[in-house]
Structures are given as C-alpha cells and as structure tokens.
Amino acid sequence: MVDKAAYVLHALVTTSEGRDAAVQEGGIPVLVEMVEAGTPRQTEIATLALLQICEENSTYRTMVAREGAIPPLVALSQSSDARPKLKTKAEALIELLRKPRSASGRSRGAAE
C-alpha cells in the first residue's frame, strides 16, 4: 500500500499544480520519511518526487531541508546498496537543498 502511495505522490508532483497540492496537503514530511525509513523502492520513488518538488522552487527546497531530508539523502548517496543512478539523484537533491541555506547564511552574515 505504501508503494502505491509513493507512486501516486510521484505521479502527482510531475505537474506544477500537483506539486503545489502535494506540498499543501503535507506531502513533504511523508516523502522525507520514505527516504529515511522506506523500502528501497519507496526510497527511490520518494527521492525522485522530492527532486521534482525542489527543482524550481526555493521555498519548497527550504521546506524539504527543514524537514530533515539532508542526512538520509547523504546516507543514501553513500550507500553501497543504492543503484548508481539513485545515488546521482540523491546528490543532485542534496546540492539543491544546500542552495537556499548558503544564500541565507551569507545574507544573515552581511546583516550582522
């Protein structure tokens, strides 16, 4: 059942309206939890969905980072069990998630 839910969320976030709806209805914590504690298939689907959510929206990137996605993504990117393509996607998502933090950190430091 969880595999089906992951697949439906992934299909939903392929459109702009779907991404917005998924985020507004609490999809980010669910996807982060799947990356952290899901089966290998759930982890893969959730990583791809989070990547789609984050690609063009810095607000969503901040939400995903604050939900705690970076540590499980780092673990995934270093896992010997993960497929190379999934590791690449996890690394791309980590880079996206670090963008808003770096920018906000510089602006805070300049304001102090």
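How close do the axes of α4 and α5 come, and at what angle do they cross? In this predicted model, the two axes come within 8 Å and cross at roughly 140 degrees. The chain that holds them has seven helices and zero strands. Of its 112 residues, 38% count as buried. The points below describe the overall fold, helix α4, the nonpolar core, the salt bridges and three individual residues.

**Overall fold**

- Read from the N terminus, the order of elements is α-α-α-α-α-α-α.
- Among contacts with a sequence separation of 6 or more, 62% join residues 24 or more positions apart.

**Helix α4 and its packing on α5**

- Helix α4 covers residues 40-54 and has 15 residues.
- From its first C-alpha to its last, α4 reaches 21 Å, which is close to the 21 Å expected at 1.5 Å a residue.
- Helix α4 is mostly covered, since eleven of its 15 residues are buried.
- The buried residues of α4 are Q42, T43, E44, I45, A46, T47, A49, L50, L51, I53 and C54.
- Two packed helices are described by the angle between their axes and the distance between the axes.
- The axes of α4 and α5 cross at roughly 140 degrees, and α4 is therefore oblique to α5.
- The limit for roughly antiparallel is over 145 degrees, so an angle of roughly 140 degrees is classed as oblique.
- Where the two helices meet, α4 contributes L50, I53 and C54, while α5 contributes Y60, R61 and V64.

**The largest nonpolar core**

- The largest nonpolar core has 31 residues, of which L31, L50, V64, L73, L93 and L97 touch the most other members.
- At least two residues of this core come from each of α1 (2-12), α2, α3 (27-37), α4, α5 (58-66), α6 and α7.
- Helix α4 supplies the largest share of the core, with seven residues.
- L50 and V64 belong to the group that touches the most other core members, and both also take part where α4 meets α5.

**L93, a core residue in helix α7**

- L93 lies in helix α7 and is buried, with a relative accessible area of 0%.
- Apart from residues up to four places away in sequence, L93 touches T47, L50, L51, C54 and L73.
- Of these partners, T47, L50, L51 and C54 are among the buried residues of α4.
- L93 and E55 are 38 residues apart along the chain, yet their C-alpha atoms are separated by 8.2 Å.

**Salt bridges around E44**

- Side chains of opposite charge can pair when their charged atoms come close.
- A search of the whole structure finds two salt bridges, and R41, E44 and R83 are linked in a network of them.
- In one salt bridge, the side chains of R41 and E44 meet at 3.8 Å, N to O.
- R41 and E44 are three residues apart in helix α4, and they are therefore separated by about one helical turn.
- An α-helix has 3.6 residues a turn, so residues three or four places apart point the same way.
- R83 forms a salt bridge with E44, and their closest N and O atoms are 2.5 Å apart.
- This pair links distant parts of the chain, as R83 is in the loop between α6 (70-78) and α7 (84-111) and E44 is in helix α4, 39 residues apart.
- Is E44 buried or exposed? At a relative accessible area of 15%, E44 is buried, because the limit for that class is under 20%.
- R41 is partly exposed at 45% relative accessibility, and R83 is also partly exposed, with a relative accessible area of 44%.

**Two further buried residues**

- G18 is in helix α2 (residues 16-24) and is buried, with a relative accessible area of 5%.
- Not counting residues up to four places away in sequence, G18 touches L12 and V13.
- G18 and I53 are 35 residues apart in sequence, and 9.4 Å separates them in space, C-alpha to C-alpha.
- S77 is in helix α6, where its relative accessible area of 12% makes it buried.
- Which residues does S77 contact, leaving aside its neighbours within four places in sequence? S77 is in contact with K87, A90, E91 and I94.

How values were computed: Residues are numbered from 1 along each chain as its sequence is written. This is a predicted model: local features need pLDDT of at least 70, side-chain atom pairs count only at pLDDT 80 or more; totals for chains, interfaces and linings use all residues. Side-chain values use heavy atoms; hydrogens and water are left out. A salt bridge is a side-chain nitrogen of Lys or Arg within 4 Å of a carboxyl oxygen of Asp or Glu. Helices (H or I, at least four residues) and strands (E, at least two) are DSSP runs, numbered from the N terminus. Buried means under 20% relative accessible area, exposed over 50%, partly exposed in between (1.4 Å probe, protein chains only). Contact means heavy atoms within 4.5 Å. A nonpolar core is a set of buried Ala, Val, Leu, Ile, Met, Phe, Trp, Tyr and Cys residues joined through side-chain atoms within 4.5 Å. The expected span of a helix is 1.5 Å times one less than its number of residues. Axes are lines fitted to C-alpha atoms, for helices over the stretch in contact, and angles run from 0 to 180 degrees between N-to-C directions. Angles under 35 degrees count as roughly parallel, over 145 as roughly antiparallel, 65 to 115 as roughly perpendicular and the rest as oblique.
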